[in-house]
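These are my notebook entries on a single protein chain. I wished to look up a few residues and helix contacts and to record what I found.

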Amino acid sequence: MPSQPLSSSIPSSRSGNIVVCASLVLLFAMGVRATFGLFMQPMGLVHGWGRDVFSLAFAIQNLVWGVSAILMGSVADKWGSGRTIVASALLCALGLVGTRYAGSEAMLYLCAGVLVGLGQAGTTFAVLLPVVARAVPPEGRSTAMGIASAGGSMGQFVVVPAGQLLIDHIDWTGALWALSALMLLAVPLASRLTGKPAHVAGAQSLGAAVRQAMGHGSYHFLFWSYAVCGFHTAFITLHLPAFVVDGGLKASDGALAIALIGLFNVFGSYWAGRMGGRHSKKHLLALLYATRSAAIMLLILLPLTPAVLYAFSALIGLVWLGTVPLTTALVGHIYGMRYASTLTGIVFFGHQIGSFVGVWLGGKLYVATGSYDAVWWISVALGLMAAALCMPVRERALVPA
């Protein structure tokens, strides 16, 4: 079966290049995002900011990322993905440089929150995965999106330890300059990720596609289960390094834990994509969310040792971003590929609502109680809730993919 054409008529021989370039952009963007927890303590010491201040900045980043993912998805659907990726990479780099010079809480919220959030929106899943999906035959979409998502996980594995080394050797100020330069590498890659969906006479309008999705119960189940994914990943990414130090381990253990999550999710995302092409995607999503709850219980019920920490990282890593290719593939399968970037962006907004709550609540409850225990148990309950939400999803296509 031929692949869905882009308006630029990308030949099938370029599909592999598109997957590779999308994986690299995700590697840079998701890797940079995963380093933010490393800056919380050194920046806090210099500026006198508590964890609640940095948590709010990261929460704003996630919320802006979610809101602007809808905008960036619509821009990519209408004017093309290449321009969207370039503009977003520049915004992210600018936000990182601004964070280096942020001397007040307001500037931190503007730079690390708003600018980086805008940049993340156009260099991550909502824009890139639909490009990958349209470049391959329908039967290969789930696998291709799994491979691209694995690129984001590899970024977490590679960039987080590198970020800690940069902080150790050139201080957090130099590390932010280096990470901003890394984001600029996405600009030349965008030339291989151009195009937009082909126009089909008589096809749905964007408004009709959004109204159809909003009126379909499965879209809401995907939206809110994805919010739980965001709660988990954002809370753990930002607060796990501090949780590890609080528990008596070294900062390097926290950085390694985040990196191991990324390494194991390289396999987890690929596996989820492969299995999503063969089995029920909603059942796989339910399995992933339930496994997250089990992994978190392992971490909080056992004494915190390096072995327990790394076992948690491996298990949570296997199910970390496997939700992304499965959720994106379900949106494209049920509601069609014509407006997949926009519809994926709206669902991703749910993910970022969860991200905002996760990082903000983590900081607030830590300041109030001196512990992350309450947030860990909330995370367990939410994982089980998300597993239950996935089960009523109807996987029948409403619009041809």
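**Entry 1: Gly44**

I looked up whether Gly44 is buried or exposed. In this predicted model, Gly44 has a relative accessibility of 11% and counts as buried, because the cut-off for buried is under 20%. I found Gly44 in helix α2, which covers residues 36-47. Setting aside residues up to four places away in sequence, I noted that Gly44 touches Phe39 and Trp49. I also looked up the distance to Phe54, which is 10 residues from Gly44 in sequence; the two C-alpha atoms are 7.8 Å apart.

**Entry 2: helices α3 and α5**

Phe54 led me to helix α3, since I saw it listed among the residues of α3 that make the contact with α5. How do α3 and α5 pack? Helix α3 (residues 51-79) and helix α5 (residues 105-122) have axes 7 Å apart and pack at an angle of about 35 degrees. I recorded the crossing of α3 past α5 as right-handed. On the α3 side, the contact includes Val53, Phe54, Leu56, Ala57 and Ile60. On the α5 side, the residues include Leu108, Tyr109, Ala112, Gly113 and Val114. By class, I noted 16 nonpolar, 6 polar and 1 charged residues in the contact of α3 with α5.

**Entry 3: helices α10 and α11**

I then turned to a second pair of helices. Helix α10 (residues 217-246) and helix α11 (residues 251-276) have axes that come within 7 Å and cross at roughly 145 degrees. I recorded this crossing, α10 past α11, as right-handed. From α10, the residues that meet α11 are Ile236, Thr237, Leu240, Pro241, Val244 and Val245. From α11, I listed Ala251, Asp253, Gly254, Ala257, Ile258 and Ile261. The contact of α10 with α11 has 9 nonpolar, 2 polar and 1 charged residues.

**Entry 4: Val244**

I looked more closely at Val244, which has its place in helix α10. Its relative accessible area is 0%, so Val244 is buried. Beyond four places in sequence, Val244 touches Leu249, Lys250, Asp253, Gly254, Leu304 and Leu309. I also looked up Val244 and Ala257, which are 13 residues apart along the chain; their C-alpha atoms are separated by 9.1 Å.

**Entry 5: Leu240 and the nonpolar core**

Which residues have the most contacts inside the largest nonpolar core? I found Leu240 and Trp376, in a core of 124 residues. Helix α10 gives the most to this core, with 14 residues. Leaving aside neighbours within four places in sequence, I listed the contacts of Leu240 as Phe235, Ala257, Ile258, Ile261, Leu299, Leu309, Phe312 and Trp376.

**Entry 6: Gly358 and Ser379**

I looked up Gly358 in helix α15, which covers residues 340-369. Gly358 is buried, with a relative accessible area of 0%. Not counting residues up to four places away, Gly358 touches Phe231 and Phe235. Gly358 and Leu240 are 118 residues apart along the chain, and I noted 12 Å between their C-alpha atoms.

Ser379 lies in helix α16. I recorded Ser379 as buried, at a relative accessible area of 1%. Beyond four places in sequence, Ser379 touches Phe231, His232, Phe235, Ser293 and Ile296.

**Entry 7: Ser149 and Asp171**

I found Ser149 in helix α7, which covers residues 141-184. Ser149 is buried, with a relative accessible area of 0%. Its contacts beyond four places in sequence are Leu26, Phe125, Leu129, Ser269, Leu321, Val324 and Pro325.

Asp171 also has its place in helix α7. I noted that Asp171 counts as partly exposed, at 39% relative accessibility. Most residues other than glycine have a negative phi. Asp171 is not a glycine, yet I found a positive phi of about 70 degrees for it.

**Entry 8: confidence**

Finally, I looked up how confident the predictor is. The protein chain has a mean pLDDT of 87, and 94% of its residues reach 70 or more. Where in the chain is helix confidence lowest, and where is it highest? I found the lowest in helix α6 (residues 125-135), at a mean of 82, and the highest in helix α16 (residues 373-390), at 97. Over residues 1-11, pLDDT stays under 50. For that stretch, I noted 25 contacts beyond four places in sequence in the model.

Conventions: Residues are numbered from 1 along each chain as its sequence is written. This is a predicted model: local features need pLDDT of at least 70, side-chain atom pairs count only at pLDDT 80 or more; totals for chains, interfaces and linings use all residues. Side-chain values use heavy atoms; hydrogens and water are left out. Axes are lines fitted to C-alpha atoms, for helices over the stretch in contact, and angles run from 0 to 180 degrees between N-to-C directions. Helices (H or I, at least four residues) and strands (E, at least two) are DSSP runs, numbered from the N terminus. A crossing is left-handed if the near helix is turned anticlockwise from the far one by less than a right angle, and right-handed if clockwise. Contact means heavy atoms within 4.5 Å. Ala, Val, Leu, Ile, Met, Phe, Trp, Tyr, Cys and Pro count as nonpolar, Asp, Glu, Lys and Arg as charged, and the others, Gly among them, as polar. A nonpolar core is a set of buried Ala, Val, Leu, Ile, Met, Phe, Trp, Tyr and Cys residues joined through side-chain atoms within 4.5 Å. Buried means under 20% relative accessible area, exposed over 50%, partly exposed in between (1.4 Å probe, protein chains only). pLDDT is the predictor's confidence in each residue, from 0 to 100.
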